[in-house]
Amino acid sequence: MRVPLHWVLWDVKDTLLKVRRSVGEQYCQEVKRTAGFSLNPTEVEAAFRQSFHQYSKLYPNYGTAQGLGGKAWWMGVVRDTFAQCRVQDAALLDTLAHNLYHGFCSPNNWEVFPDSAKTLESISSLGLKQGVVSNFDNRLEGILRDCGLLSHFSFLLTSEEAGIAKPNPAIFHQALEKCGVTAASVAHIGDHYVNDYVTSRLLGLHGYLLDRQGRNKYPDVPPQHRLKTLEELPARLQQHMD
């Protein structure tokens, strides 16, 4: 007998919202505002990617296992990014890191996709509960509140809070405990093939892969599991409720 759907879990970044401008542009804007000089956004973007990769390798999931946490982790990434771009003043590096960490809490730095709020409202109207499972730090609650999305969710589970990140199945197990139902009663939507689609499907959730660009990079994802826009989702979910 088919188990009816009761919950929908969401990834956030690049699923419900995205960074409004490139990291290189935003970091350069902060340098100009704070210190009055200019850097090359392309160079800063490349430095950021290198720093982010290095920190992710040395201190995975915001260094929670090493006692860092999201704030210290991100401030380290910012300092290292600017140090690669020949910013050497320690006090300035600290100021930039502090300002950018808190600046990325602001809705000014995030853009909600046009289909996000409407889809969340439609799913709630179906009688389904919703939660978040995201590889994000603990700023997420404030970001979602300021972007007008927080009220749609019964709970948020960030990888910093969970102490483990997708694709580790343990974060989904924590989410299922919060839902209080089996995996067969839960759907999960995200844009990452492994973190969101493969892992959720392996655990028995109804996983959907959001592919806004329509790249169809993964031939093993059947059309009924692939979304070009979130507006397609409510009708898909209703098939598991009837």
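Contact here means heavy atoms within 4.5 Å. Keep that cut-off in mind for the views below, which come from a predicted model.

**View 1. Two domains, side by side in one chain.** The domain assignment splits the protein into domain 1 (7-16 + 113-239) and domain 2 (20-109). So you can get your bearings: their C-alpha centres lie 28 Å apart.

**View 2. Where domain 1 meets domain 2.** On the domain 1 side, twelve residues are in contact with eleven residues of domain 2. Together the two domains bury about 870 Å², with 53% of that on carbon and sulfur atoms. Helix H7 (140-146) and helix H8 (159-162) each chip in at least two residues to the side of domain 1 that touches domain 2. Sorted by class, that side of domain 1 has five nonpolar, three polar and four charged residues.

**View 3. Polar links across the domain boundary.** Zoom in on the N and O atoms here. Between domain 1 and domain 2 there are six residue pairs in polar contact, both partners at pLDDT 80 or more. Salt bridges between the two domains come to zero.

**View 4. The six-stranded sheet.** This open sheet runs in the order S5-S4-S1-S6-S7-S8, with parallel pairing. Strand S5 (155-158) and strand S8 (226-227) sit at the edges with a single partner strand each, so one side of each has no neighbour in the sheet.

**View 5. Close-up of S4 and S5.** Strand S4 (residues 129-134) pairs with S5 in the parallel sense, over four bridges. Look for Ser134, which stands opposite Thr158 in S5.

Note on methods. Residues are numbered from 1 along each chain as its sequence is written. This is a predicted model: local features need pLDDT of at least 70, side-chain atom pairs count only at pLDDT 80 or more; totals for chains, interfaces and linings use all residues. Side-chain values use heavy atoms; hydrogens and water are left out. Domain bounds come from an automatic or database domain assignment. Buried area is the accessible area (1.4 Å probe) that two parts lose on being put together, summed over both. A salt bridge is a side-chain nitrogen of Lys or Arg within 4 Å of a carboxyl oxygen of Asp or Glu. A polar contact is a pair of N or O atoms within 3.5 Å; within protein, one must be able to donate a hydrogen and the other to accept it, and residues adjacent in sequence count only if both atoms are side-chain atoms. Ala, Val, Leu, Ile, Met, Phe, Trp, Tyr, Cys and Pro count as nonpolar, Asp, Glu, Lys and Arg as charged, and the others, Gly among them, as polar. Two strands pair if DSSP finds at least two bridges between them.
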